Amino acid sequence: MLTSGAGFLSTFSPNYISLVIIRALVGFGLAGGHVFLTWFLEFVPPSNRGMWMVIFSTFWTFGTIFEASLAWIVMPRLNWRWLLAFSSVPSFVLLLFYGVAPESPRYLSMKGSRSDALQILEKIASVNQAKLPPGILDSCRPSVMEEESTPSDSEDMSPLLSPLIKNVMQSKSGFSSVSMLFSSNLIQTTLLLWVLFFGNAFSYYGVILLTSKLSSGQSGCLQSILSYRNLQYVGLYADTFITSLAELPGLLLSAMLIDRVGRKQSMAFMFALAFIFLLPLLSHQSAVLTTCLLFGARMCTMGTFTVACIYAPELYPTAVRATGAGVASAVGRIGGMVCPLVAVGLVNECHLTEAVVIFLVSIVVSVVCILLFPYETKSQELSDTIVISS
């Protein structure tokens, strides 16, 4: 509601300051986007979870292409207010689906709402014209388990969801979700994810900004390449549209790898390819070759970004899954904010080589973090529990 409402209100912004404030509210609402990924993750079986999560992520790229196309059509004919108004329509349509979207059965079971969780599972089975397997829903509430089942009733019954062990979720005096991320069992995963998301966002947005700066000739060293003064609107949106297409093969590559070789190897392989694509840019290359290299680098960094967004929620148990993935995503946004200082600043100052070196270093650091992650999540059941040591 915040995203759609603020998005539409920004159409009527009377001045630049109010526009910035209202668009900041839009961004605040969009920050909850990772919850969609976490929610969808909990409905997909482990065997092909990676492929379906990549398919889910492609809609981000389709949205980017759609927005670039919309701007390409609207801006030369109308103005930015109409563009913001049209752009807010999909978020209003999305509000219609919240009422019919089911709650996560894992979350409900963890909270002790076993009847609600079972009702959702039965509805899912009915839609798929299937029957639920025989079993019970375990809960972390001992009183519920004792009232509704006896040892004789549960001997032959297996849990429909992975078991929630009694007292595992109990923690010392109000352990919050954020503080759980720094427990002895999760702190290594949390810190590695933060560095990975920072490095991934830094290199991903760096490639995008490098593409924009080098192709438009905005750098002080490259003023003779091309001038967009007469075609600044059309050229800008056409460039955004074309470069966004580079993400599609990246998504395809990640879909091919993620369930075959695993999350860690997929990210390491695509980061290595991105490194190879950027390496020739340490020296001057032709305009065509530079564009091709940046196209390949964006393809690979988009692939790693997609796999990282899938891997992050898989690493955390249900109680802190959305929080852990969300905080990691927020750290990645910091990398995206720092990136323009390098991509724009250094290139404008005729230091393209130094800018590329920094991006290469960020890729190497990200690969090291990938290798240090404690385990692979390919074909693994999602965890529902966490043990917090005293």
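**Aromatic pairs**

I looked up ring pairs in this predicted model and counted 11 aromatic pairs. I took Phe 8 and Phe 92 to begin with. Their ring centres are 6.2 Å apart and the planes stand at 80°, which is an edge-to-face pair. Then I checked where the two rings sit in the chain. Phe 8 belongs to helix H1 (residues 2-9) and Phe 92 to helix H5 (residues 80-98), so this pair links distant parts of the chain, 84 residues apart. Are these two rings buried or exposed? Neither word fits: Phe 8 is partly exposed at 35% relative accessible area, and Phe 92 is partly exposed at 36%.

I turned to Tyr 204 and Tyr 205. Their ring centres lie 5.0 Å apart with the planes at 70°, so I logged the pair as edge-to-face. The cut-off for that label is over 60 degrees. Tyr 204 is buried, with 6% relative accessible area. Tyr 205 is partly exposed, at 25%. Which residues do ring pairs link into a cluster with these two tyrosines? I found Phe 197 and Phe 305, joined with Tyr 204 and Tyr 205.

**Salt bridges**

How many salt bridges does the whole structure hold? My search gave two. I noted Asp 259 with Arg 263, at 3.1 Å from N to O. I also noted Arg 263 with Glu 314, at 2.8 Å from N to O. Arg 263 is in helix H14 and Glu 314 is in helix H15, so this bridge ties together parts that are 51 residues apart in sequence. Asp 259, Arg 263 and Glu 314 therefore go into my notes as a salt-bridge network.

I checked the burial of these side chains' residues next. Arg 263 has a relative accessible area of 0%, so I entered it as buried. Glu 314 is buried as well.

**Helices H14 and H15**

I compared helix lengths with expectation. H14 covers residues 263-278, which makes 16 residues. At 1.5 Å a residue it should span 22 Å, and its end C-alpha atoms are 23 Å apart, so the two agree. I listed the buried residues of H14 next. Arg 263, Lys 264, Ser 266, Met 267 and Ala 268 are among them. The list also includes Met 270, Phe 271, Ala 274 and Leu 278.

H15 runs over residues 287-315 and has 29 residues. From its first C-alpha to its last I read 42 Å, close to the 42 Å expected. How many residues of H15 are buried? I got 22 of 29, so I wrote the helix down as mostly covered.

**Tyr 375**

I went on to the segment after helix H17 (352-372), where Tyr 375 is placed. Tyr 375 is partly exposed, at 39% relative accessibility. What does Tyr 375 touch, not counting residues up to four places away in sequence? I found Lys 264, Tyr 311 and Leu 315. Lys 264 is one of the buried residues of H14. The C-alpha atoms of Tyr 375 and Lys 264 are 8.7 Å apart, although 111 residues separate them along the chain. I also noted a contact to the backbone: the side chain of Tyr 375 reaches the backbone oxygen of Leu 315 at 3.0 Å.

**Ser 13**

Where is Ser 13 found? I placed it in the loop between H1 and helix H2 (16-30). It counts as buried, with 2% relative accessibility. A polar atom of the Ser 13 side chain lies 2.8 Å from the backbone oxygen of Ser 10. I then listed contacts, leaving aside neighbours within four places in sequence. Ser 13 is in contact with Ser 18, Leu 19 and Ile 22, and also with Trp 80 and Arg 81.

**Cysteines**

How many disulfides are there? My count is zero. The cut-off is 2.5 Å between cysteine sulfur atoms. I looked at the burial of two cysteines anyway. Cys 339 is buried, at 0% relative accessible area. Cys 369 is buried too, at 7%.

Methods:
Residues numbered from 1 in each chain as written. Heavy atoms only, no water. Phe/Tyr/Trp six-rings, centres within 6.5 Å; stacked < 30°, edge-to-face > 60°. Helix = DSSP H or I, 4+ residues; strand = E, 2+ residues; numbered from the N terminus. Buried < 20%, exposed > 50% of the residue type's maximum accessible area, 1.4 Å probe, protein only. Expected span 1.5 Å × (residues − 1). Polar contact = N/O pair within 3.5 Å; in protein donor to acceptor, adjacent residues only side chain to side chain. Contact = heavy atoms within 4.5 Å. Salt bridge = Lys/Arg side-chain N within 4 Å of Asp/Glu carboxyl O.
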